[in-house]
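Good morning, everyone. Please bring up the model on your screens, and we will walk through it together.

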Amino acid sequence: MALKNDDELAVQIEQANFIMLSLYREYSKRLLQNKYNVYYEKQMQRIKHDMMYLDKQQMVTKARQVYVPILKEMMKEQ
């Protein structure tokens, strides 16, 4: 039973990492297009900080609740 939960958590962490890195990439693209934008740079720093310092469950939760909606909005704009 614990193995299944560990596998599920591993998949969730992998998905959260993918979401956060995708969002980071989108901010990076926009930063390059606009030459310099403080907002994009700060958001990239926040993602980097979250990936380094949030525990795994917090990272999964934040990716779902915060980063997915932002990424969806950015993708609509394209």
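Start with R64 and its contacts. Set aside the neighbours within four places in sequence, and R64 is in contact with Q12 and P69. Keep in mind that this is a predicted model.

Look at Q12 and R64 again. In sequence, the two are 52 residues apart. In space, their C-alpha atoms are 9.7 Å apart. R64 sits in helix 3, which covers residues 56-77. Is R64 buried, exposed or partly exposed? Its relative accessible area is 48%, so R64 is partly exposed.

Stay in helix 3 and move to V68. Which residues does V68 touch, not counting those up to four places away in sequence? I19 and A63. V68 also has a distant partner in sequence to compare with: A16, 52 residues away. From C-alpha to C-alpha, V68 and A16 are 9.1 Å apart. V68 has a relative accessible area of 21%. Buried means under 20%, so V68 counts as partly exposed.

Now the whole chain. How many helices and how many strands does the chain have? Three helices, zero strands. From the N terminus on, the order is α-α-α. The C-alpha trace spans about 50 × 25 × 15 Å along its principal axes.

Next, contacts across the chain. Take those between residues at least 6 apart in sequence. Of these, 63% join residues at least 24 apart.

On to the surface. The chain has 78 residues, and 27% of them count as buried. The accessible surface comes to about 5900 Å². Carbon and sulfur atoms account for 56% of that surface. As for charge, there are 13 positive and 10 negative side chains. The centres of those two sets lie 7 Å apart.

Let's turn to the aromatics. The structure holds three aromatic pairs. One of them is Y27 with Y39, with ring centres 6.3 Å apart. The planes of Y27 and Y39 meet at 85 degrees, so this pair is edge-to-face. The pair links distant parts of the chain. Y27 is in helix 1, residues 2-33, and Y39 is in helix 2. The two are 12 residues apart.

Are both rings' residues equally covered? Compare the values. Y27 has a relative accessible area of 2%, so Y27 is buried. Y39 is at 45% relative accessibility, so Y39 counts as partly exposed. Y40 joins in as well: Y27, Y39 and Y40 form one aromatic cluster.

Back along helix 1, find S22. At 6% relative accessible area, S22 is buried. What lies 2.8 Å from a polar atom of the S22 side chain? The backbone oxygen of F18.

Last stop, Q43. This residue is found in helix 2, residues 38-53. Q43 is buried too, with a relative accessible area of 10%. Which side chain does the side chain of Q43 make a polar contact with? That of R46, at 3.2 Å.

To recap, we have three helices and zero strands. R64 in helix 3 is in contact with Q12, and V68 touches I19. Y27, Y39 and Y40 make up one aromatic cluster. S22 is buried, and so is Q43. Thank you.

Note on methods:
Residues are numbered from 1 along each chain as its sequence is written. This is a predicted model: local features need pLDDT of at least 70, side-chain atom pairs count only at pLDDT 80 or more; totals for chains, interfaces and linings use all residues. Side-chain values use heavy atoms; hydrogens and water are left out. Helices (H or I, at least four residues) and strands (E, at least two) are DSSP runs, numbered from the N terminus. Buried means under 20% relative accessible area, exposed over 50%, partly exposed in between (1.4 Å probe, protein chains only). Contact means heavy atoms within 4.5 Å. Accessible areas come from the Shrake-Rupley method with a 1.4 Å probe; for residues, only the protein chains shown count as cover. Lys and Arg count as positive and Asp and Glu as negative; His and the chain ends are not counted. The place of a charge is taken as NZ of Lys, CZ of Arg, CG of Asp or CD of Glu. A polar contact is a pair of N or O atoms within 3.5 Å; within protein, one must be able to donate a hydrogen and the other to accept it, and residues adjacent in sequence count only if both atoms are side-chain atoms. Rings of Phe, Tyr and Trp (its six-membered ring) pair if their centres lie within 6.5 Å; planes under 30 degrees apart count as stacked, over 60 as edge-to-face and the rest as tilted.
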